[in-house]
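Subject: Structure for your review

Dear colleague,

Please find below the sequence and structure that I would like to hand over to you. My findings follow directly after them.

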Amino acid sequence: MTTLKAFLDKQEFHQTSTRTPLGYDEADLYLKGGLLHGVLHEVFAVIGHEAAATGFAVGLAARVAANKHLLWIRQDFSAHEFGELSPTGLLELGLDPARIFLLSVANASDGLRAANDALSCTALGAVVIEIPGSPNVLDLVASRRLTLAATQKSVTAFLLRFSAQPDASTAETRWLVRAAASQTQNEDWGYPAFEVDLVRNRHGKTGHWLMEWNCDGRIFQSSTADNRIMVSAAAN
Amino acid sequence: MVIVAKVDNALRLSAVDRKATALGLTIGQPLANARAMLPALKVVAANDPADLKLLTQIADWCDYFTPLVALDGPRHRLLDVTGVSHLFGGEKPMLDLIRNSLQAQGFAARGAMAGTAVAARALARYSDGTIVDSGEEEQAMRSLPVEALNLDVTTTHALRRAGLKTVKQVASRKRSELVARLGATMLDILDEALGNTAKPISPRKPPPDYWQEQNFPEPVATEEVIQAALKSLTIALAKILERNGQGARCLEAVFFRADGVVRRITIEMGAPTRDPAIIGRLFHEKLDTLADPLDPGFGFDLIRVCAVHVERVVSEIIDLNAYENKRAEINFLIDRLATRFGTHRILVFQPYDAHIPEQAWAAVPAQHVQLSKLSWRKTRKEKDAPRRPLRLFARPQRIDFTMTQHLLWRKVQRVVVQSEGPERIAMEWWRHETPQSARDYFRVEDCEGRRYWLYQQGKLPEWFMHGIFA
């Protein structure tokens, strides 16, 4: 493990640090310009807010992948419990469903294996792995393996976790997400809003923001309302 | 020893071994009679499914000799060996090889070779080991009893009653007489038996278009040798495909064990391929994921790689076009994932023109779709909030909702803060016999900011949760 750690540290130093800005200024500042490519990012859903976390993960992946293809790996159980990923929904968020592949796996072990294989395909912009619960197989070793796979070909990996508590991992950033109440009271609800907690950031500070996803511009933005209600999120 | 099966509510003998036959037992005899004759009889119950499995395995093994293998009743296999016998050193060596191998596997086998299927079958039964050239069938068949024609019981009985006991006698009668009394089909069979006409057999599986095989006089069991053989066969097959301008969509690797067990590994590709590296990698993936690993036993004596399904391919020039390379990389990834997890698990979204939200799209296997032909129409206006949820439940879930404050779903009370709607979606009443009533969809937000997609349907009305927005 020590040699692996040394190798990873060395990789970072030589890595071409491509970063994609999210569109939310303060967050981008903390992220040293934007979300780093070719590493592992984690998105945890606050219990009961799985759809919001999915939306946030979709936004991050869409920013990083740009016009390239995206592979979404998810367990069958996740689809039954939390709903299927809907292409019409993705279209409404500004993505092109034709650029998305869905891999349906039976368990987390298969999912991780597929992710490690897919991260070697440079034609992909991002790989998202959706895992419900806390399976044993998703441990520090698995996390390091994902990070290593992502680093080698510079394909970004996103781990979307439901009903799980964050623990030790080698993720570059870790976000805790819940839905945010709509700011407007009229018929038009506006863009999807998220209350996000950046609880881990390897290259910067942590922070807490209210972000909106601009479906037309495919970019995050600060809430369009005047008064921001900061509700403290469930801390890790 | 005998095997018994229940026939018309009575236990009868369905098979007897040599010793039993010698002692006077016959097929069809009631078990009670048999037991009366031989009190110390060993009886085994019939097991049709197991029998069928074994017979299919034997047919599989016959693939070794020729891909044109037909099942002909529970006792017979027909192999069309036209043009193949030279590979086995000639007709007699080939026939002997088949008979001896089957006997080595523990079966009592009889075989014969002739120009037509009917003649071959008859000779196999009554004249084990004969090889008859095309045109000589009549000569060989003459002395055989009429049972050799394998006609149905009534017809055979009729022939016997008419005093025709051998094929020679039947052949000597006038054709018009035979047709009048016994039908035209019988005459066809007779013609085939005598070698006057020949019908092709209907093989179990269509033979593959292209294949390459390697024979091992000393059966191989080591991993490296097997992998090396697979690699060289793939390369050779790829060359043939290239010469013919074809690419494979489905490939099969067949491993024949010296003791008769046959193992088949299949891989499928989304786009026609003939790149040996890609094919090799996919076979490797498949072998890796086998639930039941490839067991060479005492060794494989034949390994064959077949292109089961091919398509035309334009010549693959090394493309400097980045787009094509990306496309190829994606296709390879899809194929790898499909091979490892199953074709039905790696999916793409395909749009359909339907009102019903859950039918407006489907997730279909990526390998079966022309990826470049997918296109989605944008329906949202600028600055609008999304009108369709990100996560959709395949089966909408019943909820408790009154248009007021509270929403009860999955046993949790949620306080409703805002709602918007209705959006009426008709359930395509023009398509179904008993149409569902229309659904009125609402977007509902609770105090925590979660946005639900609900609908009410029916007279009562009933409320359902269909999806959740981001």
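The largest nonpolar core of this predicted model has 108 residues, and those with the most contacts inside it are A:Ala61, A:Val127, A:Val128 and A:Val177. Helix H3 of chain A, residues 50-65, gives the most to this core, with 11 residues. The surroundings of A:Val127 may serve as an example: leaving aside neighbours within four places in sequence, A:Val127 is in contact with A:Leu71, A:Ile73, A:Ala115, A:Ala118, A:Leu119, A:Val155 and A:Ala157. Another core, of 61 residues, lies apart from the largest one, and B:Val69, B:Ile98, B:Val132 and B:Leu282 are among its members.

One residue of that second core, B:Ile98, leads us to helix H4 of chain B. This helix covers residues 91-104, 14 residues in total, and reaches 20 Å from its first C-alpha to its last, close to the 20 Å expected at 1.5 Å a residue. Which residues of H4(B) are buried? They are B:Met94, B:Leu95 and B:Ile98. Seen down the axis of H4(B), the buried residues fall within an arc of 100°, and therefore they line one face of the helix. An α-helix has 3.6 residues a turn, so residues three or four places apart point the same way. On the other side of H4(B), B:Pro93, B:Asn100, B:Gln103 and B:Ala104 are exposed. After H4(B) comes B:Gly106, which has a positive phi near 100°.

Chain B also contains a hairpin. Its strands, S7 (residues 246-257) and S8 (residues 262-273), run antiparallel and are joined by eight bridges. Within this pairing, B:Ala253 has B:Ile265 in S8(B) as its bridge partner. Four residues stand between the two strands of the hairpin, in which B:Gly260 takes a positive phi near 100°.

I turn finally to the place where the chains meet. Here 44 residues of chain B are in contact with 48 residues of chain A. On the side of chain B that touches chain A, helix H13 (322-341) and strand S10 (346-351) are among the elements that give two or more residues. H13(B) gives the most, with eight residues. By class, this side of chain B has 25 nonpolar, four polar and 15 charged residues. The two chains also share a strand pairing: strand S6 of chain A, residues 100-105, pairs with S10(B) in the antiparallel sense over three bridges. There, A:Phe101 has B:Val348 of S10(B) as its bridge partner.

Yours sincerely

Key. Residues are numbered from 1 along each chain as its sequence is written. Chains are lettered from A and ligands numbered from 1 in the order in which they are written. This is a predicted model: local features need pLDDT of at least 70, side-chain atom pairs count only at pLDDT 80 or more; totals for chains, interfaces and linings use all residues. Two residues are in contact if their C-beta atoms, placed from the backbone, lie within 7 Å. Ala, Val, Leu, Ile, Met, Phe, Trp, Tyr, Cys and Pro count as nonpolar, Asp, Glu, Lys and Arg as charged, and the others, Gly among them, as polar. Two strands pair if DSSP finds at least two bridges between them. The expected span of a helix is 1.5 Å times one less than its number of residues. A residue is buried if 20 or more other C-beta atoms lie within 10 Å of its own, exposed if 12 or fewer, and partly exposed in between; C-beta atoms are placed from the backbone. The arc is that of the directions from the helix axis to the C-beta atoms. A nonpolar core is a set of buried Ala, Val, Leu, Ile, Met, Phe, Trp, Tyr and Cys residues joined through C-beta atoms within 7 Å.
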